[in-house]
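Take a walk through this model with the sequence and coordinates side by side. We begin with one residue and widen the view from there.

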Amino acid sequence: MKPFLSIIVPVYNVEHFLGRCLDSLSKQTLQEIEVLMVNDGSTDGSREIAAAYALRDNRFRLIDQDNQGLSGARNKGLGAASGEYVAFVDSDDWVAPDMFAVMYAEAERSQADICACDYALAYEDRSEPDMLKLDRTRIEIEEYGLDRLWNSKKYAVVVWNKIYRRSIIAAHRLNFESNRNVFSEDVLFNLFFLRHAKVFASVPDTFYYYFQRPNSLTSTRKPNYMRRELYLVDRFVEFYADYRDRDVYNRILNRLFFERVQNSCVHDVEYKVAVSETKRELLQASTYPGFEANMKAVSEDREVWKPMRMFAFLCLQKKYTAAVLLLRALAVRSRVASFVKSRSRNRQYSSA
């Protein structure tokens, strides 16, 4: 029987976390699933753990390949998937038992091509749920506006809190961009998919637990960040070259370009990169076609957070050092707020 849902799990050197992830998938109340575990050239005990699950549960399938990175593993899984919908779960995370039953039922009820849920930031000793504060929603994308849906970021740009209609992926040969070219491969995949989707749905439940661990892919500094972020913009431009509604296209492009530049600079701030180096990267971005028009549009966009409008204005005025220093000041404020929140939480635990 064809499964309702294919769940793709890239596996690479996660022997300490993989069992927890696969246990959560084996306990899904939706029985009509297949779990495609793509071993991406692991050198620890991850493959053996995955193989054991495949032996005791015929819904679990182990697929081996030489190391090709996260995108390569997901693409391998897409090539093997047979479900009506596809989901992606990272191997150091886990999910609630009824995640896919509820999401599949909602997608079927609303005839959605894509359905999102809420998620929690998960730590060793606690979790913080409802990060997106979603409602139960059904959106006709063309009527609502693809630019409005995308630019709100309400539903997050990640792929692991969503399920996708596989026929759209297959019909348009969608896949993940190589990690050699981009870091934010989820952004491109969602943009590629949404171009062809008609209905978007969401459920309010916190189903996905996004584990925060040191030394993960997201906790180490990434080289050539600005260059790779600008490549992402280029790929969007190529993929949407013949998109008929140019106003929608331009509104997405403006925000996308700004966010990629901003993300690169914020990344530098997080890893204490010298101001002069980040300034050089901003100078690199300023040579991109439409840089000034983009920064002007963002600086005047009231839907953009005011400090980011100021960052765009400083870039427009070519005051790149001041723009970087603004981001550093915002980072300090954020760290102080996080420290105060942590101290308050610890006091609550102590008094409990």
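Start at serine 24, which is found in helix H1. Keep in mind that this is a predicted model. Is serine 24 buried or exposed? Its relative accessibility is 8%. Buried means under 20%, so serine 24 counts as buried. Its side chain has a polar partner: it reaches the backbone oxygen of cysteine 21 at 2.6 Å. Farther along the sequence, serine 24 touches Trp94 and Val95, when residues up to four places away are not counted.

Now take the whole helix. H1 spans residues 18–26, and its buried residues are Leu18, Cys21, Leu22, Ser24 and Leu25. Why do these residues lie on the same side of H1? They cover an arc of only 155 degrees around the axis, and that puts them on one side. Next, what do the buried residues of H1 pack against? Four strands are among the partners: S1 (5–11), S2 (33–40), S3 (60–65) and S5 (94–95). Helix H2 (46–56) and helix H4 (99–110) also pack against them.

Move on to empty space. Rolling a probe the size of a water molecule over the atoms shows where such space is left. How many cavities of 30 Å³ or more does a search of the whole structure find? The search finds 1. About 100 Å³ of space lies in the largest cavity. Its lining consists of Ile114, Leu149, Trp150, Lys153, Lys154, Tyr155, Ala156, Val157, Lys162, Asn190, Leu194 and Phe200. Helix H6 (146–152) and H8 are the elements that give two or more residues to this lining. By class, the lining of the largest cavity has 8 nonpolar, 1 polar and 3 charged residues.

H8 also appears at an open site. The second largest pocket has a volume of about 350 Å³. It is lined by 15 residues. Which of them lie nearest the centre of this pocket? They are Glu142, Arg195, Ala197, Tyr243 and Arg244. Helix H5 (141–144) and helix H8 (185–196) each supply at least two residues of the lining. H8 gives the most, with 3 residues. The lining of the second largest pocket divides into 6 nonpolar, 2 polar and 7 charged residues.

Go further along the chain to leucine 230, placed in helix H9 (residues 225–239). Leucine 230 has a relative accessible area of 8%, so it is buried. What does leucine 230 touch, not counting residues up to four places away in sequence? The list is Phe257, Val261, Gln284, Ala285 and Tyr288. For a sense of scale, take tyrosine 164. Leucine 230 and tyrosine 164 are 66 residues apart in sequence. In space, they are 26 Å apart, C-alpha to C-alpha.

Finish at lysine 272. Where is the place of lysine 272? Look in the loop between helix H10 (246–270) and helix H11 (275–286). The relative accessibility of lysine 272 is 67%. Exposed means over 50%, so lysine 272 counts as exposed. Its partner for a distance check is glutamate 108, 164 residues apart from it along the chain. The C-alpha atoms of lysine 272 and glutamate 108 are separated by 47 Å.

Notes. Residues numbered from 1 in each chain as written. Predicted model: local features only at pLDDT ≥ 70, side-chain atom pairs only at ≥ 80, totals over all residues. Heavy atoms only, no water. Buried < 20%, exposed > 50% of the residue type's maximum accessible area, 1.4 Å probe, protein only. Arc of directions from axis to C-beta. Contact = heavy atoms within 4.5 Å. 1 Å grid on protein atoms, 1.4 Å probe; cavity = no way out; pocket = protein on both sides within 12 Å on 5 of 7 lines; lining within 4 Å. Points joined across faces, edges and corners; volume = space filled by probe spheres on them. Nonpolar A, V, L, I, M, F, W, Y, C, P; charged D, E, K, R; others polar. Polar contact = N/O pair within 3.5 Å; in protein donor to acceptor, adjacent residues only side chain to side chain.
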